[in-house]
Amino acid sequence: TGEVWGLRLTRVRVYFEMRDTRGALPCSMWRTDFDLLALPLTDGMRVVAGGGCDYYPGSAHSSPSFSFAVTELRLAGEGDLLAQLQRLRRRLYDEGLFEHQKRLPRSGLPRTIGVVTGEQGKARHDVVAALTRRGWAGQLIWAFAPVQDRHAAPRIAAALRELAATPAVEVVIVARGGGSLADLSAFCDEGLCRTVALLRVPVISSIGHHTDQTLIDD
């Protein structure tokens with residue numbers, strides 16, 4: 001399961017990458033099989049693919065290469081993502097991972113707040129406006145990171161570790177605006193959840209709309 005990028009159709013084969021937060025996998029499919037599916041496929045769409053390994057050993061004039069030979073392909077609905085999310089949520093809950101943050105002492109009025117968000121996103125201004133409305137006049141320390149692509153989760157985790165290592169920081173806010181479940185998938189990353197669980201400071205998750213619930217919220 002992943003997002004399609006670099007879609008390219010030739011007369012014989014269809015080529016694309018499937019990407020998720022952990023990496024990218026080159027894929028190919030016979031054009032005749034692809035045309036039979038009649039999928040309105042474009043870059044960025046989330047799909048479920050079945051198939052197997054395809055290895056080309058190379059020749060005197062070309063390098064060896066590996067790809068995933070796709071024999072089954074369909075668009076992924078939110079039902080697929082929700083089921084995957086619930087399985088991971090259950091596993092992390094059973095581990096007790098969600099309890100670590102709840103045990104941390106919380107300052108009633110922190111003087112220094114760290115914020116992880118996108119540098120150009122609306123969420124940055126929303127955080128400032130919300131704190132201003134409450135009359136808070138402390139110090140903000142910003143750590144900017146991408147909030148929507150396959151590199152986002154490790155960059156967000158690195159920003160959190162950096163802020164938590166700053167002695168003055170008493171609490172960290174992670175903020176991002178709304179979007180689809182696929183848009184918010186970086187905040188369901190297992191590695192990011194484990195990073196949050198190990199931090200010395202409380203983390204406030206401000207991700208998406210009120211109805212959205214990512215794993216970092218847990």
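Colleague: Is Phe144 buried, partly exposed or exposed?

Modeller: Phe144 counts as partly exposed, because its relative accessibility is 32%. Keep in mind that we're looking at a predicted model here.

Colleague: Okay, and which aromatic pair does Phe144 form?

Modeller: General idea first: a pair of aromatic rings is described by the distance of the centres and the angle of the planes. In this structure there is 1 aromatic pair. The partners are Trp142 and Phe144, with 5.9 Å centre to centre and 15 degrees between the planes. The pair is called stacked because planes under 30 degrees apart fall in that class. Trp142, for its part, is partly exposed at a relative accessible area of 25%.

Colleague: Which residue stands opposite Phe144?

Modeller: That's Thr117, facing Phe144 of strand 7. Strand 6, residues 112-117, runs parallel to strand 7, residues 139-144, and 6 bridges join the two.

Colleague: What kind of unit do strand 6, helix 3 and strand 7 make?

Modeller: A right-handed β-α-β unit, with helix 3 covering residues 122-133. For the wider picture, the chain has 5 helices and 9 strands. Reading from the N terminus, the order is β-β-β-α-β-β-α-β-α-β-α-β-α-β.

Colleague: Now the inside. How many residues are in the largest nonpolar core?

Modeller: The background is that in soluble globular proteins, nonpolar side chains tend to be buried together. Here the largest nonpolar core has 24 residues, and those with the most contacts inside it are Val116, Ile156, Leu160, Val174, Phe187 and Leu192. Two or more residues apiece come from helix 4 (152-164), strand 8 (171-176), helix 5 (190-198) and strand 9 (203-207). Helix 4 gives the largest share, 8 residues.

Colleague: Take Phe187, then. What is Phe187 in contact with?

Modeller: Setting aside neighbours within four places in sequence, the contacts of Phe187 include Val147, Ile156, Val174, Leu192 and Ile207. Arg176 and Thr214 are also among them.

Colleague: How many disulfides does the count come to?

Modeller: A disulfide is a covalent bond between the sulfur atoms of two cysteines. In this model the count is 0. Look at Cys53: the nearest cysteine sulfur belongs to Cys27 and is 11 Å away, so the 2.5 Å cut-off isn't met. Cys188 isn't in a disulfide either; the sulfur of Cys193, the nearest one, is 7.2 Å away.

Colleague: Why does Cys188 count as buried?

Modeller: Because its relative accessibility is 12%, and buried means under 20%. Cys53 is exposed, with a relative accessible area of 68%. Over the chain, 36% of the 218 residues count as buried.

Colleague: What does Ser67 touch?

Modeller: Not counting residues up to four places away in sequence, Ser67 touches Pro26, Ser28, Gly52, Cys53 and Asp54. Ser67 is found in strand 5, residues 65-75, and is buried at a relative accessible area of 14%.

Colleague: Last topic, distances. How far apart are Glu99 and Tyr15 in space?

Modeller: C-alpha to C-alpha they are 44 Å apart, with their positions 84 residues apart in sequence. Glu99 has its place in the loop between helix 2 (78-95) and strand 6, and is partly exposed at a relative accessible area of 30%. For scale, the C-alpha atoms of the chain fill a box of roughly 65 × 35 × 30 Å along the principal axes.

Colleague: And what share of the contacts joins residues 24 or more positions apart?

Modeller: Counting contacts with a separation of 6 or more, the share is 66%.

Technical notes. Residues are numbered from 1 along each chain as its sequence is written. This is a predicted model: local features need pLDDT of at least 70, side-chain atom pairs count only at pLDDT 80 or more; totals for chains, interfaces and linings use all residues. Side-chain values use heavy atoms; hydrogens and water are left out. Helices (H or I, at least four residues) and strands (E, at least two) are DSSP runs, numbered from the N terminus. Buried means under 20% relative accessible area, exposed over 50%, partly exposed in between (1.4 Å probe, protein chains only). Contact means heavy atoms within 4.5 Å. Two strands pair if DSSP finds at least two bridges between them. A crossover is right-handed if, with the strands pointing away from the viewer, the path from the first strand over the helix to the second runs clockwise. A nonpolar core is a set of buried Ala, Val, Leu, Ile, Met, Phe, Trp, Tyr and Cys residues joined through side-chain atoms within 4.5 Å. Rings of Phe, Tyr and Trp (its six-membered ring) pair if their centres lie within 6.5 Å; planes under 30 degrees apart count as stacked, over 60 as edge-to-face and the rest as tilted.
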